[in-house]
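I sat down with this entry to note what I looked up, in the order in which I looked. The sequence and the structure come just below, and my notes follow.

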Amino acid sequence: MAATELKLAWRNIWRNRRRTFITVASIFFGVILCTLMSSMQNGTYSKMIDNVVSFYSGYVQIHHPNYWESKSIDDLIIPDDSLINKVKESEHIELIVPRIESFALMSYGENTKGGMLIGIKPEEENELTGLKKWVSKGRYLNTKDDGILIAVNLARNLNVEVGDTVALISQGHHGYSASGLFPVAGILEFPFPALNNFGTYITLEQAQLFFSAPDMATSLVLTVDDYDKVYPAKDNLVDKLGEKYSIMTWDEMDPVTKQMIEGDKGQGIIMKGILYILIGFGVFSTVIMMIAERRKELGVMVAIGMNKLKLARVLFYETVLIGITGIVTGFLVSLPLVIWLVHKPIPLGGEVASVYEEFGMEPAIYFGADSMVFGGQILVVIGITILVSIYPITKIMRLKVTKSLRS
Amino acid sequence: MNVIETNNLTKTYNDSEVEVHAVQGIDLKIEEGEFTAIVGPSGCGKTTFLNMVGGLDQPTSGTVRVGDTYVNELKSSELIDFRLHNIGFVFQAYNLIPVLTARENVEFIMQLQGKDKKEREQRASNLLTEVGLGDRINSRPSRLSGGQQQRVAVARALASKPKFVLADEPTANLDSKSTETLLDMMEKLNKEENITFIFSTHDMRVVNKARRVIKLEDGKIISDERKS
């Protein structure tokens, strides 16, 4: 009987082809629009998080409990084998990169500028942030290097070139004074201005020596095997390391990005909500018409012996079939479109590009193909059609045969 | 043997401010194999009476017994099942399911009864052949004339092997030729297969064919004639 009910439902929805086409088309375009919107949000957020994570913070960092508040060179951790092994043993951790960083004054000739001095392990850092690819002049650091990498704007302000030597002054660990001379090994040019203004890199060994903090670090920067595992990874680390260390996720370190994403997500939900309400009313009006014009026919079906539940099922199938037809066609078009856009982000130019760069993002519209980009729309439309189908079901259950036959 | 027996059957409508006594205490027995016409002017209670006999409407008082079942005591869901297995309906406006072919319309009832596919197909083909539409079994109602649609409706009414067929003004929308064909066919089914037919009608051609004519007026039987 289910096959007959489905056959009846399918044929019924095509009785008024034009109306069904319009309803299906509204779902079709709605699904495409919402999928593209979700995909764009997904891609943009991923890119934002990726920027935060891959340019600098990693997904998780381990610090001295006071470091994040004080940012002091006195609040350091010792990344010895015991700590590293515990972190390695923790679930979901992929990469462990130590850093030591603090502010320093940099001087060349008559010019002096402040900047962030970051001590890194060149290989590991490159694996985490891809730092090497931003070297626009000179060369990248090697493990035993005594040179320095300077961001392009800072280099310009100091008027230094590759091969020049800059003098650095800062405060060392526990009140030691820190000073040193570092030949410029390379100039870094990041794709956005913020980092180009103050970033300088030397090797971790040189930095530990400079800050008089042998074997110490300000942070252990970690990556995880899957973005979804950030919070479980943090929980595991908290369990393993206890309160001796502060463990922070990327969004705790960069709440602004997190808030931007949440705010934008909210806007997206409102826009999609409006679109789906319109779609819902479109489907609803079609269903109302379908019931109204078949009132007598429905009465006849009950009169000749069709159980009301079975008839309600037919009408439920009709509503859901309209929804599914819209979903499937919308999905078939949006899937290749989204996949293409994921591989071909839309480049931006002019002022919009500058705004993107100011926010530390590459000037392009990125798209994502997360399963929820598609799944979300499918679930929402199915939800809408199920909600709408309550109306015909109620109508059938309340149907008075004699009244319907008279209509 | 009585197929239908009504006892003091009454229906009063209270929908408006004025009470309408559509059917007033009808006592009637209809035997198996009868070919009965219920006649009377518009508003005399023909359709209301048929609706109560067919379990489509509940009486205000009185009883309707079909075989051993008191129809007026059945619940709504039981009534649907009862109609499915006991009563065939033929409506004035044919009321076939427009998205199904003639054969599918006839099969539909049997499908609701849970009959298997082979039996359904066989019986649907036989019934449609019997009503003279063997060559139109795959046509949808919109492709059939009014007379042909009404013949499909008769085949559908018979598909469930009902105890009787209720036909509410079955010829009202048909031309003379179609009416004649339809009545001849129903008379043949009545005589050869002993199927009980009950009509409500204004149509004298139906009245002339009927072997029993019950006349209603103001919801009461004013005459009940049997022809020899």
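Which residues of the largest nonpolar core touch the most other members? I found that, of its 105 residues, these are Phe49(B), Val106(B), Phe108(B), Leu128(B), Phe164(B) and Phe197(B). The largest share of this core, 8 residues, is supplied by helix α13 (residues 308-343) of chain A. By nonpolar core I mean a set of buried Ala, Val, Leu, Ile, Met, Phe, Trp, Tyr and Cys residues joined through side-chain atoms within 4.5 Å, where buried is under 20% relative accessible area, exposed over 50% and partly exposed in between (1.4 Å probe, protein chains only). Another core, of 27 residues, lies apart from it and has Val60(A), Ile77(A), Ala217(A) and Val230(A) among its members.

Before going on, I noted that this is a predicted model, in which local features need pLDDT of at least 70 and side-chain atom pairs count only at pLDDT 80 or more, while totals for chains, interfaces and linings use all residues. Residues are numbered from 1 along each chain as its sequence is written, chains are lettered from A and ligands numbered from 1 in the order in which they are written, and side-chain values use heavy atoms, with hydrogens and water left out.

I then listed the contacts (heavy atoms within 4.5 Å) of Leu128(B), leaving aside neighbours within four places in sequence, and they include Ala102(B), Val106(B), Leu133(B), Ile137(B) and Val152(B).

Turning to chain A, I looked up its division into domain 1 (2-52 + 258-405) and domain 2 (65-244), bounds that come from an automatic or database domain assignment. The C-alpha centres of these two domains of chain A lie 49 Å apart.

How do two helices of chain A pack? I read that helix α2 (residues 17-57) and helix α11 (residues 255-292) of chain A meet at an angle of about 170°, their axes 10 Å apart. They are therefore roughly antiparallel to each other, a label for angles over 145 degrees.

Last, I checked two residues for their backbone. Lys71(A), which is not a glycine, has a positive phi of about 50°; this residue sits in the loop between α3 (67-70) and α4 (81-89) of chain A and, at 41% relative accessibility, counts as partly exposed. Asp218(B) likewise has a positive phi, near 50°, and is found in the loop between β9 (212-217) and β10 (220-226) of chain B; at 54% relative accessibility, Asp218(B) counts as exposed.

Methods: Axes are lines fitted to C-alpha atoms, for helices over the stretch in contact, and angles run from 0 to 180 degrees between N-to-C directions. Helices (H or I, at least four residues) and strands (E, at least two) are DSSP runs, numbered from the N terminus. Angles under 35 degrees count as roughly parallel, over 145 as roughly antiparallel, 65 to 115 as roughly perpendicular and the rest as oblique.
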